[in-house]
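The following note concerns the contacts between protein and DNA. Please read the points alongside the sequence and the structure.

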2 protein chains.
Amino acid sequence: MTSTDPAPRPPVRPTRQRRAVAAALAGFDDFRSAQEIHDLISRQGESVGLATVYRTLATLAEAGEVDMLRNEDGEAIWRSCSDTHHHHLVCRTCGATVEVEGPAVERWTNAIATEHGYADISHTLEIFGTCPACR
Amino acid sequence: MTSTDPAPRPPVRPTRQRRAVAAALAGFDDFRSAQEIHDLISRQGESVGLATVYRTLATLAEAGEVDMLRNEDGEAIWRSCSDTHHHHLVCRTCGATVEVEGPAVERWTNAIATEHGYADISHTLEIFGTCPACR
DNA sequence: CGGTGGTTTGACAATCGTTCTCACCAACTC
DNA sequence: GAGTTGGTGAGAACGATTGTCAAACCACCG
């Protein structure tokens, strides 16, 4: 690691493509795969390369503007989210999602990890069930 | 669903290959990918096809004898497990794993889900961090 | 304006984990 | 020992994701 490494964070330009992805994300509130988002954009008349969709989603996820998680097949799925830390209650059938917060869980995971000497903690917690409408 | 559906569970034969996979699983206590397990078996002199390793792991996971979860890249990773419900504290660097239990978390997820009218609840919770040895 | 250097993009190839296919093998039944 | 059924292996196929690289774009400068 060189000492001359001033974190050269490149500026993020609001290009047409990035705006299209953001617009698509604003159009639904469940989790969608990158390919579904790509289709959605196409269907709206815009044309954005699939690779660009992936790149943009990755950038947004890193910036904390979208949530990314994995469905049971291991595919990445995304949706825009509020900016506070939270988890999801997801309908197994229709995908309807509720954001939930659980300060107690945060405290518990940190306590457990510290107790075992683990540092630099992160965690994943997703709840799956069948929503009232799907029952 | 026909009423004449006596769950035609095929018998699981203890073949040489399945024994080899089980033996490999007994040889480590962190999470490993299918390919790593396959390599492990080869290195022990046995020869088992990769597809068979996948098939066997899937069967064992369904039977509840191994845990399967996904690392951050979406790859499936496995390890043998105790038979009670539990979660994992996994080292991001070396994979060292601690099984943890959290009755409070179980109660919390059920409460939250019920509150929102969701039924038939399941959840995933994994904690990642850096273990003492890797710091 | 016209150049200039860095960023972004898109088409497509490449990767890589996982599953499928299918011919063959092994165990069990009659 | 012939038939039946499940299990296996090699390799092809698949599908999500990432890499490549030349062309397009943009902000800025003179």
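A polar contact is here a pair of N or O atoms within 3.5 Å; within protein, one must be able to donate a hydrogen and the other to accept it, and residues adjacent in sequence count only if both atoms are side-chain atoms.

1. This is a predicted model, in which local features need pLDDT of at least 70 and side-chain atom pairs count only at pLDDT 80 or more, while totals for chains, interfaces and linings use all residues. Residues are numbered from 1 along each chain as its sequence is written, chains are lettered from A in the order in which they are written, and side-chain values use heavy atoms, without hydrogens and water.

2. On DNA strand C, polar side-chain atoms of Thr15(A) and Thr52(A) lie 2.6 Å and 2.7 Å respectively from a phosphate oxygen. From chain B, a polar side-chain atom of Gln35(B) lies 3.4 Å from a phosphate oxygen of this strand.

3. The surface near DNA strand C (residues with a heavy atom within 4 Å of the strand) comprises seven nonpolar, six polar and six charged residues. In this division, Ala, Val, Leu, Ile, Met, Phe, Trp, Tyr, Cys and Pro count as nonpolar, Asp, Glu, Lys and Arg as charged, and the others, Gly among them, as polar.

4. On DNA strand D, a polar side-chain atom of Thr52(B) lies 2.6 Å from a phosphate oxygen. Backbone N or O atoms also approach phosphate oxygens of this strand: that of Ala76(A) lies at 2.8 Å and that of Gly49(B) at 3.0 Å.

5. Sugar or phosphate accounts for 74% of the atoms of DNA strand D within 4 Å of the protein, and bases for the rest. The surface near this strand divides into five nonpolar, six polar and seven charged residues.
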